[in-house]
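Welcome! Please take a look at the sequence and the model shown here before reading on.

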Amino acid sequence: MRWAEMQAPIDAVGIAVDDTGVCAVRFGGAAGPLTGGDPVLDQAVKELTRYFAGESAPFTVPLSVRGGSQFERAVWRALWAIPYAEMRTYGQIAAAVGEPDGARAVGVACNRNPLPIIVPCHRVVGADGKMVGFGGGIWRKKLLLELEAKVRIEREFGLF
């Protein structure tokens, strides 16, 4: 794996790529030595920088998802489908992957998501709309959701 690190409003973010695409996003910085000059790594950093700058452009960087059970991979695909600045409940994701009673298992799959932010597990909330269970910490989840809500409001009301 090749690593880059960037500073973001939620602290340092580490991004790793393999020969296929982005294979890890890590809160708190890189988990390995930093490398440079990798075009996919550079693209990932550029797209994450745009995301944190409030640009709602979709991520187009190639992904390399390693591991995960069949259920976890189904949950990660469902997370990928959540539109920018929208939220779903754990129960809604469970139903979407064919396990209507699997809300807790969805929470576990979200916690094991190797590509947070890019595969937006932060957009999943409790049944009552409360922010619960985020591997990066609730404070990060809150900041990510606030960023997206601000961008959505500005876009919808033509403020900027």
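This report walks through the salt bridges, pair by pair. Please keep in mind that the model is predicted.

In total, the structure holds eleven salt bridges. As background, side chains of opposite charge can pair when their charged atoms come close. Three of the pairs are set out below.

| Salt bridge | Closest N to O distance |
|---|---|
| Glu55 and Arg50 | 3.7 Å |
| Glu86 and Arg88 | 3.2 Å |
| Lys150 and Glu154 | 3.0 Å |

Let us start with Glu55, whose side chain meets that of Arg50 in a salt bridge. Glu55 has a relative accessibility of 40% and counts as partly exposed. Its partner Arg50, with a relative accessible area of 28%, is partly exposed.

Next comes the salt bridge between Glu86 and Arg88. Glu86 is partly exposed at 27% relative accessibility, and Arg88 is partly exposed with a relative accessible area of 26%.

Where do Lys150 and Glu154 sit? Both belong to helix 5, which covers residues 138–156. They are four residues apart there, so about one helical turn separates them. Is Glu154 buried or exposed? With a relative accessible area of 18%, Glu154 is buried, because a residue counts as buried when this value is under 20%.

Finally, salt bridges can also be followed beyond a single pair in this model: Arg2, Asp19 and Asp38 are linked in a network of them.

How values were computed: Residues are numbered from 1 along each chain as its sequence is written. This is a predicted model: local features need pLDDT of at least 70, side-chain atom pairs count only at pLDDT 80 or more; totals for chains, interfaces and linings use all residues. Side-chain values use heavy atoms; hydrogens and water are left out. A salt bridge is a side-chain nitrogen of Lys or Arg within 4 Å of a carboxyl oxygen of Asp or Glu. Buried means under 20% relative accessible area, exposed over 50%, partly exposed in between (1.4 Å probe, protein chains only). Helices (H or I, at least four residues) and strands (E, at least two) are DSSP runs, numbered from the N terminus.
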